[in-house]
Amino acid sequence: MGFHFRKSIKLGTLLKINKTKKGFSVTVGGKNLKLTLKATPHKAHLTALH
């Protein structure tokens, strides 16, 4: 089993930035609606949850 590193920074009530070994993600939104942008060196994903 490998070691997993995760670092999260919460900026206010609506913005959260996550840093991992493979890339980062930014989450914007509150409890009912979230928009997540995930980026790695070769891929980018955009996810909306509601």
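**Exercise 1. How much area does the protein expose, and what share of it do carbon and sulfur atoms supply?**

Solution. This is a predicted model: local features need pLDDT of at least 70, side-chain atom pairs count only at pLDDT 80 or more, and totals for chains, interfaces and linings use all residues. Residues are numbered from 1 along each chain as its sequence is written, and side-chain values use heavy atoms, leaving out hydrogens and water.
- The exposed area is about 4,600 Å², by the Shrake-Rupley method with a 1.4 Å probe.
- Carbon and sulfur atoms supply 65% of that area.
- Of the 50 residues, 12% are buried (under 20% relative accessible area, protein chains only).

**Exercise 2. List the elements from the N terminus on.**

Solution.
- Count the elements: five strands and zero helices. Both are DSSP runs, with strands (E) of at least two residues and helices (H or I) of at least four.
- Put them in order: β-β-β-β-β.

**Exercise 3. Describe how strand 3 and strand 4 pair.**

Solution.
- Locate them: strand 3 spans residues 24-29 and strand 4 spans residues 34-39.
- Find the direction: they run antiparallel, joined by six bridges. Pairing requires at least two DSSP bridges.
- Take one bridge: Phe24 partners Ala39 in strand 4.
- Trace the link: a hairpin of four residues connects the two strands.

**Exercise 4. Place Thr20 in the fold and state its exposure.**

Solution.
- Thr20 belongs to strand 2, residues 15-20.
- Its relative accessible area is 23%, so Thr20 is partly exposed (between the buried limit of 20% and the exposed limit of 50%).
- The C-alpha atoms of Thr20 and Lys7 are separated by 6.5 Å, with the residues 13 apart along the chain.

How values were computed: Buried < 20%, exposed > 50% of the residue type's maximum accessible area, 1.4 Å probe, protein only.
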